[in-house]
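Here's a quick briefing to read alongside the structure. Have a look at the sequence and the fold, then work through the notes below.

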Amino acid sequence: MAEPPEEEVPEEVNASLIDVLDLLAQEVERLKVGLEWCRLSQHADKERLISWYVQQIDMRQDRLEEMKAVILASGDDAVH
């Protein structure tokens with residue numbers, strides 16, 4: 001029995017994934033700035049806020065790695 005042909009991922013989908021990747025990277029950078037601000041602040045809940053920022057950064061970096069894997073699996077070499 002013949003195997004079905006591999007489906008090609010449309011170029012528009014790859015571009016959309018790269019756009020999402022870029023947005024996630026920008027969000028990580030924004031959160032890092034917020035984290036630095038929090039570390040320098042005298043906020044009453046400083047430790048809780050630092051923990052929240054670190055958790056958010058970690059989650060988004062995990063998504064970034066997942067998105068990179070999806071893009072690389074699709075055969076797009078534009079991922080850095």
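How many helices and how many strands are there in the protein? The protein has 2 helices and 0 strands. Keep in mind that this is a predicted model. Helix α1 covers residues 11-40, and helix α2 covers residues 46-73.

**The overall picture**

- The protein has 80 residues, and 26% of them count as buried.
- Its accessible surface comes to about 6,300 Å², with 55% of that belonging to carbon and sulfur atoms.
- Take the contacts between residues at least 6 apart in sequence: 62% of them join residues at least 24 apart.

**Helix α2, end to end**

- Does the length of α2 add up, and what span should its 28 residues have? At 1.5 Å a residue they should span 40 Å, and the end C-alpha atoms sit 41 Å apart, which agrees.
- The buried residues of α2 are L49, I50, Y53, Q56, I57, L64, M67 and I71.
- As a reminder, an α-helix has 3.6 residues a turn, so residues three or four places apart point the same way.
- S51 also has its place in α2, but S51 is partly exposed, with a relative accessible area of 45%.
- The C-alpha atoms of S51 and L35 are separated by 9.0 Å, and the two residues are 16 apart along the chain.
- Just after α2 comes G75, which takes a positive phi of about 90 degrees.

**V28 and its partners**

- Is V28, in helix α1, buried or exposed? V28 is buried, at a relative accessible area of 2%.
- Leaving aside residues up to four places away in sequence, V28 touches I57, R60, Q61 and L64.
- Two of those partners, I57 and L64, also turn up among the buried residues of α2.
- V28 and R60 are 32 residues apart in sequence, yet their C-alpha atoms are 6.4 Å apart in space.

**Salt bridges**

- The count of salt bridges comes to 6.
- One of them pairs E27 with R60, the closest N and O atoms being 3.6 Å apart. E27 belongs to α1 and R60 to α2, so this pair ties together parts that are 33 residues apart in sequence.
- Both ends of that bridge are partly exposed: E27 has 21% relative accessibility, and R60 has a relative accessible area of 21%.
- Which residues are linked with R60 in a network of salt bridges? They are E27 and R30.
- Another bridge joins the side chains of R63 and E66, at 3.1 Å from N to O. Both residues lie in α2, 3 residues apart, which is about one turn of the helix.
- R63 is partly exposed at 38% relative accessibility, and E66 is partly exposed too, with a relative accessible area of 43%.
- The side chains of R48 and D45 also meet in a salt bridge, at 3.4 Å from N to O. D45 counts as partly exposed, with 35% relative accessibility.

**The loop between the helices**

- S41 lies in the loop between α1 and α2.
- Is S41 buried or exposed? At 11% relative accessibility, S41 counts as buried.
- The S41 side chain reaches the backbone nitrogen of H43 at 3.4 Å.

**The aromatic pair**

- A pair of aromatic rings is described by the distance of the centres and the angle of the planes.
- The count here comes to 1 aromatic pair. The rings of W52 and Y53 have centres 5.1 Å apart and planes at 85 degrees, so the pair is edge-to-face, the cut-off for that being over 60 degrees.
- W52 counts as partly exposed at 39% relative accessibility, whereas Y53 is buried, with a relative accessible area of 15%.

**To take away**

- For the link between α1 and α2, start with the E27 and R60 salt bridge and then look at what V28 touches: I57, R60, Q61 and L64.
- For the loop, look at the S41 side chain and the backbone nitrogen of H43.

Note on methods:
Residues are numbered from 1 along each chain as its sequence is written. This is a predicted model: local features need pLDDT of at least 70, side-chain atom pairs count only at pLDDT 80 or more; totals for chains, interfaces and linings use all residues. Side-chain values use heavy atoms; hydrogens and water are left out. Helices (H or I, at least four residues) and strands (E, at least two) are DSSP runs, numbered from the N terminus. Buried means under 20% relative accessible area, exposed over 50%, partly exposed in between (1.4 Å probe, protein chains only). Contact means heavy atoms within 4.5 Å. Accessible areas come from the Shrake-Rupley method with a 1.4 Å probe; for residues, only the protein chains shown count as cover. A salt bridge is a side-chain nitrogen of Lys or Arg within 4 Å of a carboxyl oxygen of Asp or Glu. A polar contact is a pair of N or O atoms within 3.5 Å; within protein, one must be able to donate a hydrogen and the other to accept it, and residues adjacent in sequence count only if both atoms are side-chain atoms. Rings of Phe, Tyr and Trp (its six-membered ring) pair if their centres lie within 6.5 Å; planes under 30 degrees apart count as stacked, over 60 as edge-to-face and the rest as tilted. The expected span of a helix is 1.5 Å times one less than its number of residues.
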